[in-house]
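Here are a few exercises to work through with the model open beside you. Try each task before reading its solution.

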Amino acid sequence: MSHRARRLLLAFAAAAFLFLGLVRPAAAHGFTSVVYAHVTADGDGRLRSELKLEYDLLVVSAADAGSDDPLFRAGTDAFEAEDADAQAKALDAHRATVIDYVTRRFAVTAGGADCEPAPAGGFRMGTEEGVPYALLTLDWTCAGHGTGDHEIRSGLFPDPEGYVKGTKTIVTYAVDGHTGSAALDSAHPEFSISQSWPQRFWEFFRLGAEHLLTGTDHILFLLALIAGSRRPREVVLVATAFTLAHSVTFLLAALGLVDVPAGLVEPVIALSIAVVAGWHLWRLRERGERAAALPAPETSRLGLDRAGWTRLGVVFCFGLVHGLGFAGALGIEAAWSWTLLWSLLVFNIGIEAVQLGVIAVLFPLLLLLGRRSPRAGRWVTGALSAGVAVMGLAWFVQRVTGS
């Protein structure tokens, strides 16, 4: 291998490790939660927030924060029994502990002054993606009849004990002529209801970009696509197929038109990683030095051979499943509205921006390495694909067995 080829190999390896270093070494969706909040004005200066909180996390976190062991025992017994009525009764029986926990971490202000919360009715139960959620309605009384800019702040669930690694609070609102949605997390815990449309755009663009960067399984799937592509044209086609596919199911699922259990989606995502990575390994084994070859553009449509078209179809099918995973991360279920559609599209744009950035950095390095030293290129793509395939299979077994 020439000195230049070795330098290219090291540059590619460094770039790959850089991107892998940005993502978590565990499954992408294992230790996070989503809180849903809908905020409206009732006309007399008060605001009403309807909160949806993951039931078992709420019980554990509130009981721990309030040193309320009876809440923990009653709440977990009801959870294990899958009894929605008993779950609501457990929360109502310890409402002071639970409401104190929530209102210390979710707040509304007006003109910089805190609004006072008061529960409106008891706890109710519902589900989000098959997971029990507690529904809590709070009325907020603001000084001066709520004059001034309203701000929403959320710091729910990522408590010091580390039980939850991160929480996204998805807020939709219709207050004083302002409508929209926002995504809050530990890095961006608050927002103003009167925020401008560029600020709303950035909220969901950032959320989409962060989801792809911190979603190890989606990043590895993308690396498998890059490693197995033989020309710029092919990587563009497979990336486009993946984008179109996951955009369709992402929008349908996030709008509540398609509902597939996460217990099915997550194993298939893991399997898709192994299959796409293993595809390239099979080509290397079967074709050896000819694995990187494609027929001349004039001999086939778009310059793809039969294997290329088959791979394109497989990527499109798996992309449909990945879209369900993206939607599960955002988790919005609401009636159709242009505001909601705007938020979903911007979230998807954030995903695509990161995807294109990864391709723009890694694929040219890999392509240049393969042209300078075809053998080195095959070794690098083979090693990368093998590592990705092993991780995909390990995740598949883990998600199927629940271990």
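**Exercise 1. Find the strand that holds Thr-169, then work out whether this residue is buried or exposed and what its side chain meets.**

Step 1: Look along residues 166-175, which make up strand β9, and you'll find Thr-169 there. Strands here are DSSP runs of E with at least two residues, helices are runs of H or I with at least four, and both are numbered from the N terminus. A quick note on the source: this is a predicted model, where local features need pLDDT of at least 70, side-chain atom pairs count only at pLDDT 80 or more, and totals for chains, interfaces and linings use all residues. Residues are numbered from 1 along each chain as its sequence is written, and side-chain values use heavy atoms, with hydrogens and water left out.

Step 2: Check the cover. Thr-169 has a relative accessible area of 2%, so it counts as buried (buried is under 20%, exposed over 50%, partly exposed in between, with a 1.4 Å probe and protein chains only).

Step 3: List the neighbours. Leaving out residues up to four places away in sequence, Thr-169 touches Val-35, Ser-154, Ala-182, Ala-183 and Leu-184; a contact means heavy atoms within 4.5 Å.

Step 4: Pick out the polar one. The side chains of Thr-169 and Ser-154 share a polar contact of 2.8 Å (N or O atoms within 3.5 Å; within protein, one must be able to donate a hydrogen and the other to accept it, and residues adjacent in sequence count only if both atoms are side-chain atoms).

**Exercise 2. Trace the open sheet of four strands and say which strands stand at its edges.**

Step 1: Read off the order, β4-β3-β8-β11, with antiparallel pairing. Two strands pair if DSSP finds at least two bridges between them.

Step 2: Go to the ends. β4 and β11 (190-192) each have a single partner strand, so one side of each has no neighbour in the sheet.

Step 3: Zoom in on β8 and β11, which pair over three bridges. Arg-153 has Glu-190 in β11 as its bridge partner.

**Exercise 3. Locate the disulfide and describe its geometry and surroundings.**

Step 1: There's one disulfide (cysteine sulfur atoms within 2.5 Å). Cys-115 and Cys-142 form it, with sulfurs 2.0 Å apart.

Step 2: Place the ends. Cys-115 is in the loop between β4 and β5, Cys-142 in the loop between β7 and β8, 27 residues apart.

Step 3: Get the handedness: 105° about the S-S bond makes the link of Cys-115 and Cys-142 right-handed.

Step 4: Compare accessibility. Cys-115 is buried at 4% and Cys-142 is buried at 6%, while Cys-317 is partly exposed at 48%.
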